[in-house]
Amino acid sequence: MKTLTRELWMDISQRRQIVSIHKEVEDLVAESGVTDGLILINAMHITASVFINDNEPGLHADYDRWLEQLAPFNPGGDPNSGGYLHNQTGEDNADAHHKRQIMGREVVVAITEGQLHLGPWEHIFYYEFDGRRRKRILVKIIGE
């Protein structure tokens, strides 16, 4: 069995941003030499996600608007004024934790004939909800 483990480092200058990591992931699959197996890609931080969907800017803007409606940014710690109890710890990122919970932590994709086995419109993204600090993504590949 072959394995490959790598970390991708992300430096997102904005608070929220969707970044394609598809090409980097494809390159790691090729480097691994795995032709039949699985790849795990996970955000190693509790305020970021890895997800698969269409590579279409309108959809990404829709995600951002929808998530902001569900868990709006509010640095306050008083829930009675729209803040979050978590922010009473000195953080201001409770909304980011909620957004990550909705979008998920990781994706697992089959590798077939040395390629990501995805649908025609599926694309792999990193979604940052509390940027402006360096974060990692774990990529683990196993197979034959």
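**Strand S8 and two exposed loop residues**

Modeller: Strand S8 has a covered face made of Lys135, Ile137, Val139, Ile141 and Gly143, and an uncovered face made of Arg134, Arg136, Leu138, Lys140 and Ile142. This is a predicted model, in which local features need pLDDT of at least 70, side-chain atom pairs count only at pLDDT 80 or more, and totals for chains, interfaces and linings use all residues. Residues are numbered from 1 along each chain as its sequence is written, and side-chain values use heavy atoms, with hydrogens and water left out.

Biologist: Why do the residues of a strand fall into two faces?

Modeller: In a regular strand the side chains alternate between the two faces of the sheet. In S8, accordingly, Ile137 belongs to the covered face and Leu138 to the uncovered one.

Biologist: What makes S8 a strand, and how many strands are there in the protein?

Modeller: A strand is a DSSP run of E with at least two residues, while a helix is a run of H or I with at least four, and both are numbered from the N terminus. By that rule the protein has 3 helices and 8 strands, arranged along the sequence as β-β-α-β-β-α-α-β-β-β-β.

Biologist: How do you know that S1 and S8 pair?

Modeller: Two strands pair if DSSP finds at least two bridges between them. Strand S1 (residues 2-11) is joined to S8 by 10 bridges, so the two count as paired, and they run antiparallel. Within this pairing, Trp9 has Arg136 of S8 as its bridge partner.

Biologist: And what makes S3 a partner of S8?

Modeller: Strand S3 (residues 36-43) has 7 bridges to S8, which satisfies the requirement of at least two, and these strands are also antiparallel. Here Leu38 stands opposite Ile142 in S8.

Biologist: Why is Glu113 called exposed?

Modeller: A residue is exposed when its relative accessible area is over 50%, buried when under 20%, and partly exposed in between, using a 1.4 Å probe and protein chains only. Glu113 reaches 72%, and therefore counts as exposed. Its place is in the loop between strand S5 (106-112) and strand S6 (115-116).

Biologist: What makes the phi of Glu113 worth pointing out?

Modeller: Most residues other than glycine have a negative phi. For Glu113, which is not a glycine, phi is positive, near 50°.

Biologist: Which loop holds Arg132, and why is Arg132 called exposed?

Modeller: Arg132 lies in the loop between strand S7 (123-128) and strand S8 (134-143). Its relative accessibility is 51%, so Arg132 counts as exposed. Arg132 also has a positive phi, about 75°, although it is not a glycine.
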